[in-house]
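Please report on the fold of this chain, on one of its strands and on selected side-chain environments.

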Amino acid sequence: FPHLFASHLPNICYIMQQLLQQLKASPTPVLNRPSGPIAVQPWTDVLLRVIDKPDTYTEHVYHMSDEFIAVYDGFPKAAVHLLVCPRKRILKPSDLTREDLPMVLRLSEYCRWIVEGLKKTHPDLTFRCGVHSVPSLRQLHVHVISQDFISPSLKNAKHWTSFTTDFFVPLAHVSKKLAEATQPGQKIEFPLSVYEAYLKSDLVCNRCHKSFGRQFAKLKDHLPGCKTHTHTPT
């Protein structure tokens, strides 16, 4: 922890312990995918609608705590694809400041708990948790996504590179960036020119690392038959 949190460390640890106790006492949620996406306009505000009125969208909620909510991605890019949001309004990762680090650490534990439950029901799948450096939806959200990427909603090269390149930022890296901030109110940065370049990268299988150039159709045909064990990066 940076100096900012030194005096608050006991309280942060106590809150984390409380969260873990609450989660351990909670039953493992059951995947029950909705029949379709939430129909709202503009679609970029769908998560804001959910955090404002979660009881209106219960069909789309996988799990909810006092502080966080996990919903089904309306257009899942893999067999399991959830979006986990703080219920506090924070529009995007680059709006986070170093003062948000305790919340992000709790968010990490919440995502870890979700993944542990998913592994019990889907032992053949591996998972990653992270944010898009340049997100398409308003409201901070963490993608909890299985690494099979077998889905009819995975439709183009951008879909692939947004999850398999450094455009996808692991939640642990977000925590690290916040912990390294030196000034009160300092935000973390994701330079648009740097991160959007990743979307134009060659398409590389996340299992066997075979490159397909920019030939998305060939990559998608390859995925169901690739038996190489998926390596899950940190």
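The report below goes from the whole chain to one strand and then to two residues.

This is a predicted model, in which local features need pLDDT of at least 70 and side-chain atom pairs count only at pLDDT 80 or more, while totals for chains, interfaces and linings use all residues. Residues are numbered from 1 along each chain as its sequence is written, and side-chain values use heavy atoms, with hydrogens and water left out.

**Chain.** The secondary structure comprises 7 helices and 6 strands, taken as DSSP runs numbered from the N terminus (helices: H or I, at least four residues; strands: E, at least two). Their order from the N terminus is α-α-β-β-β-α-β-β-α-β-α-α-α. Of the 234 residues, 48% are buried (under 20% relative accessible area; 1.4 Å probe, protein chains only). Contacts are heavy atoms within 4.5 Å; of those with a separation of 6 or more, 66% join residues 24 or more positions apart. The accessible surface is about 12200 Å², and carbon and sulfur atoms hold 54% of it (Shrake-Rupley method, 1.4 Å probe).

**Strand β3.** β3 spans residues 81-86, and 6 of its 6 residues are buried. H81, L83 and C85 point one way from the strand, and L82, V84 and P86 point the other way. Two antiparallel pairings involve β3; pairing requires at least two DSSP bridges between the strands.

| Partner of β3 | Bridges | Opposed residues |
|---|---|---|
| β2 (residues 68-72) | 5 bridges | I69 and C85 |
| β5 (residues 142-146) | 4 bridges | I145 and H81 |

**Y72.** Y72 lies in strand β2 and is buried, with a relative accessible area of 10%. Beyond its neighbours within four places in sequence, Y72 is in contact with residues including V30, N32, P34, H60, Y62, H81 and L82. A polar atom of the Y72 side chain lies 2.7 Å from the backbone nitrogen of N32. Y72 and V84 are 12 residues apart in sequence, and their C-alpha atoms are 8.8 Å apart.

**R207.** R207 sits in the loop between α6 (192-198) and α7 (216-222). What is the nearest side chain of opposite charge to R207, and how far away is it? That side chain is D148, 5.7 Å away, and the buried R207 has no salt bridge (a side-chain nitrogen of Lys or Arg within 4 Å of a carboxyl oxygen of Asp or Glu). A polar atom of the R207 side chain lies 2.9 Å from the backbone oxygen of L223, and the R207 side chain also reaches the backbone oxygen of C226 at 3.1 Å.

Definitions and conventions
Buried < 20%, exposed > 50% of the residue type's maximum accessible area, 1.4 Å probe, protein only. Lys, Arg positive; Asp, Glu negative; His and termini not counted. Polar contact = N/O pair within 3.5 Å; in protein donor to acceptor, adjacent residues only side chain to side chain.
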